[in-house]
Amino acid sequence: QQHYVKTVASSPLTGLNVLRNSSSSIYSWHTHSPFSLNRNNATTLCEAASSNPAAKTAPYKPSDPAEPIADASNTNEDKTTKPKWGMWGEEEDGLFHGLFPRRQLWRPHLEYPLWHADWDGRQPIPVMSVDKDESARLTAQRDRQIRKDGVTKHIILIRHGQYDETHKEDEKRLLTPLGREQAAMTGKRLGQMIRGVNEEFGPCKVKVVRVSNLSRAKETADIIYDNMDLGNFDGEMVERADPDPLLNEGRPCHHIPGGKARPSVVERTDEHHPRIEEAFNKYFHRAPVPEMPPSATESKEKETIIATTSTEESNESDNKQKLVADPKHEFEVIVCHANVIRYFFCRALQLPPEAWLRLCTFNCSLTYFTIRPTGTVSCRMLGDIGHLPHEMCTFSMHTGFNW
């Protein structure tokens with residue numbers, strides 16, 4: 001009996017009904033529920049299990065890891081209602097471990113740490129065919145094409161430079177002299193990325209620079225753009241998008257660890273979370289699915305034309321080699337704020353968003369993501385400040401690292 005209790009207590013069984021203390025109360029044991037065994041109910045558990053042959057003869061069979069199933073608590077059988085993921089709104093009462101309203105807890109699409117493939121709503125549907133095997137073959141062929149010919153989206157998030165925090169009015173919360181220097185050096189670093197160095201470290205196709213609507217971010221973006229030295233760049237011009245209020249600073253969600261949230265914090269979370277979540281969904285997604293490639297003959301002809309054109313251009317320019325950005329990679333730069341960046345990090349990697357305050361992003365730091373055409377996401381940099389000397393490293397009004 002002791003061995004059986006240890007085995008069952010450590011297994012991920014769900015839905016096991018336990019008769020406790022000879023009463024008629026039934027308790028459901030679930031992987032998410034804190035269920036503790038003491039000497040009394042452990043004995044009762046064994047007695048209940050021994051009286052139920054099915055509990056001993058039916059072995060536990062885990063689900064196929066290749067086909068993850070959504071958490072039952074986060075899925076509605078009624079397809080007409082909204083799936084229960086994200087923040088549920090007003091549907092649930094009570095506090096989450098005494099910290100904040102349970103309705104403000106983020107629910108993932110799938111149980112952690114499973115990866116939700118259609119996180120951006122752009123996962124291609126299977127290719128339909130009368131024959132099931134043919135449908136699977138065509139779908140696999142389509143997916144291979146996407147991996148081969150699809151565009152990888154690169155997103156570089158930049159926190160604004162150090163600014164004057166002594167004022168409450170946004171128009172007065174401008175960059176300090178150090179903050180302007182930070183922004184200038186960040187612009188020079190991005191300019192090097194855009195122009196490239198050689199064939200191995202070629203240019204990056206930066207399509208657009210985006211920015212929030214707060215003064216400190218807009219001033220940072222202006223300085224960054226001016227220091228990219230795009231006047232010497234003969235490629236496509238980098239677009240400057242209009243300021244987007246969705247990217248403004250705010251409280252994206254609650255943070256753990258943390259104490260009990262005050263009513264004002266609960267109100268700010270209700271106010272800011274929908275906006276920041278909308279910004280994430282607006283900018284974080286895979287690139288459009290590529291069209292079907294041309295035939296092999298057409299591809300060879302196009303390659304020949306490109307090669308000939310390249311040779312003619314090089315002869316006309318005294319054999320000067322021109323660096324060309326890889327068309328399968330597109331970059332976006334977003335200048336915004338620390339809380340927003342940290343929330344985006346957790347959401348993009350499908351980590352609990354409540355962990356956002358455990359991260360730290362210095363002023364003018366780079367946080368860099370890649371979104372593959374298949375929908376997988378990676379973080380290449382988090383709060384990178386390698387372009388700034390030690391004496392220019394700040395986190396808000398904190399200087400250096402001894403704080």
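Visitor: How much area does the protein chain expose, and what share of it do carbon and sulfur atoms supply?
Guide: This is a predicted model, in which local features need pLDDT of at least 70, side-chain atom pairs count only at pLDDT 80 or more, and totals for chains, interfaces and linings use all residues. Residues are numbered from 1 along each chain as its sequence is written, and side-chain values use heavy atoms, leaving out hydrogens and water. Areas come from the Shrake-Rupley method with a 1.4 Å probe; for residues, only the protein chains shown count as cover. The chain exposes about 23,800 Å², and the share from carbon and sulfur atoms is 53%.

Visitor: What percentage of the residues of the protein chain count as buried?
Guide: Buried means under 20% relative accessible area, exposed means over 50%, and partly exposed lies in between (1.4 Å probe, protein chains only). Of 403 residues, the buried portion is 39%.

Visitor: How many helices and strands does the protein chain have?
Guide: Both are DSSP runs numbered from the N terminus: helices are H or I with at least four residues, strands E with at least two. The counts are nine helices and twelve strands.

Visitor: What is the reach of H4 from its first C-alpha to its last?
Guide: H4 has 18 residues. The expected span is 1.5 Å times one less than the number of residues. For H4 that expectation is 26 Å, and the reach is close to it, at 26 Å.

Visitor: What arc do the buried residues of H4 cover around the axis?
Guide: The buried residues are Ser135, Thr139, Arg142, Gln145 and Ile146. They lie on the same side of H4, because their arc (taken from the directions from the helix axis to the C-beta atoms) is only 120°.

Visitor: Which exposed residues does the face of H4 turned away from its buried side carry?
Guide: An α-helix has 3.6 residues a turn, so residues three or four places apart point the same way. Opposite the buried side of H4 come Asp133, Arg147 and Lys148.

Visitor: How far apart in sequence are the parts that tryptophan 119 and phenylalanine 280 tie together?
Guide: Rings of Phe, Tyr and Trp (its six-membered ring) pair if their centres lie within 6.5 Å; planes under 30 degrees apart are stacked, over 60 edge-to-face and the rest tilted. Tryptophan 119 and phenylalanine 280 are tilted, at 6.3 Å centre to centre and 45° between planes. Tryptophan 119 sits in the loop between S4 and H4 and phenylalanine 280 in H7, so the parts they join are separated in sequence by 161 residues.

Visitor: Is phenylalanine 280 buried or exposed?
Guide: Its relative accessibility is 1%. Its partner tryptophan 119 is buried at 12%. Phenylalanine 280 likewise counts as buried.

Visitor: Over the ring of which residue does the charged end of arginine 216 sit?
Guide: The test asks for NZ of Lys or CZ of Arg within 6 Å of the ring centre and within 35 degrees of the ring normal. Arginine 159 lies over phenylalanine 395 at 4.8 Å. For arginine 216, 4.4 Å from the ring centre, the residue is tyrosine 163.

Visitor: Which residues does threonine 361 touch?
Guide: Threonine 361 lies in the loop between H9 and S9. It is buried at 0% relative accessibility. Contact means heavy atoms within 4.5 Å. Not counting residues up to four places away in sequence, the partners are Arg159, Ala338, Ile341, Arg342, Thr367, Gly383 and Phe395.
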